[in-house]
Amino acid sequence: MEKKYDWSNLPFDYSVTPWRFIAKYKDGAWDDGTLSDDPVCHISECSTVIQYSQTCFDGFKAYRTKDDKVVIFRMDLNEERFENSSKRLGIPVFPKEKFMEAVIQVVKANIDLVPPYESGATLYVRPVVYGTSACLGVHPAEEYELRIFVMPVGSYYSDGIKPISLCVSDYDRAAPRGTGDIKSGLNYAMSLYAGLLAHEAGFAENLYLDPATRTKVEEAGGANILFITKDGKFVTPKSTSILPSVTRRSLVYVAQHYLNMEVEERTVLFDEVESFEECSLCGTAAVLSPVGRIVAGDKEILFPTGMQTVGPVVKKLYDTLIGIQRGTIPAPDGWLFEVEG
Ligand code: PLP
Ligand code: COI
């Protein structure tokens, strides 16, 4: 029986939807792939994904616009990142054109599950690739499976755009020349315990510092971070060990070209964070999640915008980004991929 969704009260959670795309890599080549109604993976107990975490994924969204079109936001950048993640893990790259066609195919096959415009919810697209063949020694697999599945989701951290609290983790997220800049399952596996501790202590999410010196702000467990200075500049950490967030890169463009703001992508010292006026996480799942408070041991930073209100600049960034994604504000060329219903 098909699941009924309460569009305006969706969690950010997995649900089984009717169709997903599955392609297989064997004997040195990817097959063409096909749509499937099977949500279960059937793989060896000694597969490289299970033994050695040889897997990466990505995440982006399809939106229903005000005039009832369905559009996918900047999936070319997600494809590029998925390619980089795959290469870094020794996974054969699935061809770009086929990837984008497959995404359109899956969204189309599940088109009735793209939430209505008014609900504010979206259809989340999750491509994932993993080594399926058995390998006891530490080597890349000979065989792989790629899946692209979708599900309707609501907001990740809280009800809409309400400030959250972050905790500076005692653990590190990614080594300087490690895998922080790719979307590998292993980056998230290592964050689970630190995440449990943060949640138990009442925080929405961990903030990670650079592992080499623990003086610079990197990013959160599932989102990049940005700050607004007292004189209205947009500041965001630049580091080779953070994930190149599509949302952050889009917001930099929005700030510069839609809101005439000055942008600084640079090293951000933790010591300067208390001087900022506003703070927000940003990501596909997080969208813009304003941060009201950051705690690091005995130190507590309360942003002037507090825990009840969203700062005016973050609100403007949020409204502009959402407007672009939902077709009420003209998008830059190439940002929206339309899915014909
Ligand atoms: N950083 C991490 C660790 C993430 O998991 C995500 C989520 O994708 C992001 C940043 C945000 O990236 P994007 O805006 O491409 O979703
Ligand atoms: C996303 O924003 O798409 C993410 O993947 C973050 C998190 C859910 C892992």
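The shell around ligand 1 divides by class into 6 nonpolar, 7 polar and 4 charged residues (Ala, Val, Leu, Ile, Met, Phe, Trp, Tyr, Cys and Pro count as nonpolar, Asp, Glu, Lys and Arg as charged, and the others, Gly among them, as polar). This is a predicted model, in which local features need pLDDT of at least 70 and side-chain atom pairs count only at pLDDT 80 or more, while totals for chains, interfaces and linings use all residues. Residues are numbered from 1 along each chain as its sequence is written, chains are lettered from A and ligands numbered from 1 in the order in which they are written, and side-chain values use heavy atoms, with hydrogens and water left out.

On the overall scale, the protein has 6 helices and 18 strands (DSSP runs numbered from the N terminus, with H or I over at least four residues for helices and E over at least two for strands). Its C-alpha atoms fill a box of roughly 55 × 50 × 35 Å along the principal axes. The radius of gyration is 20 Å, which agrees with the value near 20 Å for a compact globule of 341 residues; the radius is taken over C-alpha atoms, and the globule rule is 2.2 Å times the number of residues to the power 0.38.

Turning to ligand 1, 17 residues surround this molecule, and the closest are Tyr188, Glu219, Ser245, Thr247 and Thr284 (a residue is near if one of its heavy atoms lies within 4 Å). At least two shell residues come from each of β11 (217-220), α5 (246-257) and β15 (278-283). Oxygen atoms of ligand 1 pair with side-chain N or O atoms of Tyr188 at 2.5 Å and of Lys183 at 2.8 Å, and a polar side-chain atom of Thr247 lies 2.5 Å from a ligand oxygen. Of the 380 Å² of accessible area that ligand 1 has on its own, the protein covers 97% (Shrake-Rupley method, 1.4 Å probe).

Ligand 2 has its own set of neighbours, including Phe12, Phe57, Tyr156 and Gly222. By class, this shell holds 6 nonpolar, 3 polar and 2 charged residues. An oxygen atom of ligand 2 lies 2.5 Å from a polar side-chain atom of Tyr124, and one lies 3.5 Å from a polar side-chain atom of Arg126. Lys183 also appears here, with a side-chain N or O atom 2.8 Å from an oxygen atom of ligand 2. Taken alone, ligand 2 exposes 280 Å², and the protein buries 90% of that.

Key. Polar contact = N/O pair within 3.5 Å; in protein donor to acceptor, adjacent residues only side chain to side chain.
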